[in-house]
Amino acid sequence: MVYYFTDETFETDSRAIDFEFSVPFLGDDDDTRFGFVAPSGQYWAALTVSVSIQTLLTIITMIIAWFVVKSNRGTSVGFLATFGLITPIILCQPFYILSYIGIVNTVIATPFVVFGATNALKMIEIYYATSPPFAETNLSNFLLYHSSPVLFRFHPKTQAVLPTTREEINEKLKQAASSFVVTVILMNIQIQTNYQPFGPTQLNTIMDYFNWRHLGNNLANAHLAGTNLETGTLLYGCLISMLTGYSTINLNDSPFTKSTSVADFWGRRWNKQVGGNLKNGIFKACLKNGYSKTIGIVLTFVGSSLLHEYVIFSGASEQFNPGREPYVPQYGRQSTFFLWNGMMMVIEAMLMKTSFKATWESIPRPLKTFLVVMTSLPVSRWFMDDYIGVNLFSDFAMAFPFVYNSKNNY
């Protein structure tokens with residue numbers, strides 16, 4: 001499928017070195033010689049085709065959802081159609097499509113899996129009517145809202161979709177350029193240091209989780225994950241805004257430097273794309289069905305853990321990796337990570353109902369942010385290791401320029 005657009009499977013990084021250069025005073029001859037490799041335009045084209053195909057499949061799915069799910073809310077027919085037929089098909093479709101896609105690259109194949117997971121959440125959102133009013137008015141708005149690869153921004157009070165401006169698009173393009181540069185730097189460092197820029201570490205005791213090298217490696221990998229997602233979201237968000245005239249979200253909002261609580265980190269600053277889908281698909285549905293906020297938080301993190309386990313399961317599947325040496329994930333680590341953070345949020349909510357709230361509010365913001373980040377940073381390897389293992393970052397390397405030392409035998 002995508003293969004026919006590119007004549008390339010992207011199984012390995014086959015880019016040739018564009019030019020070599022030397023940096024004197026770095027040591028012996030091997031230390032001073034470097035090679036520069038430009039990003040692959042074919043790779044970006046293939047990724048765009050992959051997203052476009054999945055967006056088209058999503059539009060078809062949402063047309064069915066409009067006539068079958070939305071029209072039968074609250075009925076046994078609607079419930080069975082949503083959760084017994086449409087959602088299972090959505091979750092299974094990537095495995096059938098990837099058999100024909102002709103690409104051996106985790107990142108280019110990932111849109112099919114990510115859209116599968118998020119569209120399953122969309123089915124819950126549609127059935128329980130937790131979407132913004134904009135999405136409920138007519139079929140056109142319904143398809144626009146539910147099929148967009150990047151979420152739209154809505155007015156916090158009126159829930160009206162916000163229009164974009166030329167200034168906003170220009171600002172997003174600047175942010176995308178900045179994010180791209182940061183991603184290039186992190187990619188070059190992380191991949192060439194085996195994702196351990198501060199040195200290898202072992203987790204044999206509880207105190208090892210607080211080793212400064214371990215924390216430094218985790219922070220670098222977390223930033224790598226954030227900027228990877230941010231770059232693509234900003235670029236596609238700009239394109240969607242130009243086509244529709246509506247404003248799109250920024251993926252992250254300085255979670256590592258501005259978070260004031262665990263709820264602020266996960267609910268308003270880190271990966272607002274997935275966070276928005278989980279909020280509308282699970283949290284709001286829980287509240288609408290009479291469950292408490294605490295139950296809603298717990299079930300939202302359970303949903304997040306299952307979503308990420310599904311992505312890892314797919315990324316390690318034979319359909320993703322024909323001909324490659326299989327990677328065997330440690331299933332359960334994604335769930336453990338997200339359930340841990342869900343527990344942190346519940347504990348925080350309980351503490352904020354006590355005198356601890358006044359103490360917390362008196363803490364200087366930088367220290368507050370540090371403490372918030374430290375609730376998840378020591379255990380973030382539970383989340384990151386399997387994504388590294390399924391080649392999510394190394395397969396994305398072809399999209400970025402690289403500078404290789406001659407010792408790395410590019």
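Hi everyone. Let me start with one serine: leaving aside neighbours within four places in sequence, S261 is in contact with R268, E348 and V372. Before I go on, please keep in mind that this is a predicted model.

So where does S261 sit? It lies in the loop between helix 9, residues 255–258, and helix 10, residues 262–269. S261 counts as buried, because its relative accessibility is 11% and the cut-off for buried is under 20%. Its side chain also reaches the backbone nitrogen of D264, at 2.9 Å.

One of the contacts of S261, V372, takes us to helix 15. That helix runs over residues 365–373, and its buried residues are K368, T369, V372 and V373. Seen down the helix axis, these buried residues fall within an arc of 130°, so they line one face of helix 15. As background, an α-helix has 3.6 residues a turn, so residues three or four places apart point the same way. And what covers the buried residues of helix 15? The cover includes helix 9, helix 10 and helix 14, the last of these at residues 356–362.

Next, another serine, S335, which is found in helix 13, residues 333–351. S335 counts as buried, with 16% relative accessibility. Not counting residues up to four places away in sequence, S335 touches S305 and E309. For a sense of distance, S335 and T183 are 152 residues apart in sequence, and their C-alpha atoms are 27 Å apart in space.

Let's move to helix 6, residues 139–147. Here the buried residues are N141, F142, L143, Y145, H146 and S147. They pack against helix 3 (41–68), helix 5 (106–127) and helix 11 (272–288). At the start of helix 6, a side-chain oxygen of N138 reaches to within 3.2 Å of the backbone nitrogen of S140. Is S140 itself, a residue of helix 6, buried or exposed? S140 counts as exposed, because its relative accessibility is 53% and exposed means over 50%. The C-alpha atoms of S140 and S50 are separated by 23 Å, with these positions 90 residues apart along the chain counted as their separation.

Staying with helix 6 for a moment, the buried Y145 has a lysine over its ring: K122 lies over the face of Y145, at 4.2 Å from the ring centre. There is a second example of this arrangement, with K70 over the face of W66, at 4.5 Å from the ring centre.

Now for helix 8, residues 212–244. This helix has 33 residues and reaches 46 Å from its first C-alpha to its last, close to the 48 Å expected at 1.5 Å a residue. What caps its N-terminal end? That is N211, with a side-chain oxygen 2.7 Å from the backbone nitrogen of R213. After helix 8 comes G245, whose phi is positive, near 85°.

On to the aromatics. How many aromatic pairs does the structure hold? There are 35. A pair of aromatic rings is described by the distance of the centres and the angle of the planes. Take F396 and F400: they form an edge-to-face pair, at 4.9 Å centre to centre and with 80° between the planes. F396 counts as buried at 8% relative accessibility, and F400 is buried too, with a relative accessible area of 0%. F402 and Y404, on the other hand, form a stacked pair, at 5.3 Å centre to centre and with 20° between the planes. F402 is buried, with a relative accessible area of 1%, and Y404 counts as buried at 11%. Elsewhere, F256, F265, W266, W270, F301, F337, F338, F383 and Y387 form one aromatic cluster.

My last stop is I191, which brings F402 back in. I191 sits in helix 7, residues 166–192, and is partly exposed, with a relative accessible area of 23%. Which residues does I191 touch, not counting those up to four places away in sequence? They are L186, F393, S394, A397 and F402. I191 and F393 are 202 residues apart along the chain, and their C-alpha atoms are separated by 7.9 Å.

That's my tour, and I'm happy to go back to any of these places on the screen.

Conventions: Residues numbered from 1 in each chain as written. Predicted model: local features only at pLDDT ≥ 70, side-chain atom pairs only at ≥ 80, totals over all residues. Heavy atoms only, no water. Phe/Tyr/Trp six-rings, centres within 6.5 Å; stacked < 30°, edge-to-face > 60°. Buried < 20%, exposed > 50% of the residue type's maximum accessible area, 1.4 Å probe, protein only. Lys NZ or Arg CZ within 6 Å of the ring centre and 35° of its normal. Helix = DSSP H or I, 4+ residues; strand = E, 2+ residues; numbered from the N terminus. Polar contact = N/O pair within 3.5 Å; in protein donor to acceptor, adjacent residues only side chain to side chain. Contact = heavy atoms within 4.5 Å. Expected span 1.5 Å × (residues − 1). Arc of directions from axis to C-beta.
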